[in-house]
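Below are my notes on the fold, set out point by point so that you can follow them against the structure.

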Amino acid sequence: MEGGSADTEQARVRMIVGLGNVGAEYARTRHNTGFWLVDRFASRIGAVLRPERKFSGDLARVSIGPHDLILLKPSTLVNRSGQSVVATALFYRILPDQILVAHDELDLPPGQAKLKLGGGTAGHNGLKDVKARLTHAGFWRARIGIGHPRTLGLEQDVADFVLHPPRREEQTAIEDAIGRVDSVLELMVQGQFEVAMMRLHSAGPRTTAPAGASAAPSAPGAAADGSRKP
């Protein structure tokens, strides 16, 4: 997909994408953190995402004040998320730097979240696919920390870890981080990027679960994919 920076008038987020896997068996897994954010935001603003076959995902078109916004949850499994993102971006003529992709982040602990524009993919196969299909790295990311099995004292490989639900304390911390990201999304849609980042990054993360904490029963869905995989 061609295109780089939006001009001054268009310098804002026009599409928010949540990465995750479709299916009840995946709904509560760590890999669906991006879905959880989009679901929370949609619920707060009264939006309903509906399946759109031509976009390979669930989509809602909403207005935030004077601004149109697309909410998207690809239904392709995480590893092929770019297929849905590019189809939607091309149809609505959305440039890469007008896209915000929300995803689970191994390199941040549960409870921490960060916004950034461009950069690498840190081994996240969903981000890799979005970057490859956009042929551009310059899209926004909402990095929502889930921790790494090594730093959380778990004897799991990454592919297994992301496809399991967080432990109870981790879930609470992740939900807290999602709430903080949700609270700055309107700023991103208005193009107030610096304000959004300052507000999000200045809020401290909640403390997370000690190793050996019990498995969490609360959270949204999970999906089939199996590598870190997505």
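1. Before the sheet is described, one term needs fixing: two strands pair if DSSP finds at least two bridges between them. Please also keep in mind throughout that this is a predicted model.

2. With that meaning of pairing, the strands form an open sheet of 7, in the order E2-E3-E4-E1-E5-E7-E6, and the pairing within the sheet is mixed. The edges are held by strand E2 (50-52) and strand E6 (113-117), each of which pairs on one side only. From one strand to the next, the twist averages 25°.

3. For the chain as a whole, the secondary structure comes to 7 helices and 7 strands, and reading along the sequence gives the pattern β-α-β-β-β-α-β-β-α-β-α-α-α-α. It is worth holding this pattern beside the order of the strands in the sheet, E2-E3-E4-E1-E5-E7-E6, when you trace the chain.

4. At one edge of the sheet, E2 and strand E3 (residues 57-64) run antiparallel and are paired over 3 bridges. Within this part of the sheet, Arg50 stands opposite Leu59, a residue of E3.

5. Two helices that pack on the sheet deserve a look. Helix H2 (residues 81-92) touches strand E1 (15-18), E3, strand E4 (67-74) and strand E5 (99-105), and its direction makes about 155° with that of E4. Helix H5 (residues 168-182) also packs on the sheet, where it touches E6 and strand E7 (140-145), and the direction of H5 makes about 155° with that of E7.

6. How much of E5 is buried? This strand is mostly covered, since 7 of its 7 residues count as buried, and E5 is also among the strands that helix H2 touches. On one side, E5 is joined to E1 by 4 bridges, the two strands running parallel, and here Val17 stands opposite Val101 of E5. E5 also pairs with E7, again in the parallel sense, over 6 bridges, and the bridge partner of Glu105 is Gly145 in E7.

7. Turning to totals, 55% of the 230 residues of the chain count as buried, where buried means under 20% relative accessible area. The chain exposes about 9,700 Å², of which carbon and sulfur atoms supply 50%. Among the contacts with a separation of 6 or more, 76% are made by residues 24 or more positions apart.

Notes:
Residues are numbered from 1 along each chain as its sequence is written. This is a predicted model: local features need pLDDT of at least 70, side-chain atom pairs count only at pLDDT 80 or more; totals for chains, interfaces and linings use all residues. Side-chain values use heavy atoms; hydrogens and water are left out. Axes are lines fitted to C-alpha atoms, for helices over the stretch in contact, and angles run from 0 to 180 degrees between N-to-C directions. Contact means heavy atoms within 4.5 Å. Buried means under 20% relative accessible area, exposed over 50%, partly exposed in between (1.4 Å probe, protein chains only). Accessible areas come from the Shrake-Rupley method with a 1.4 Å probe; for residues, only the protein chains shown count as cover.
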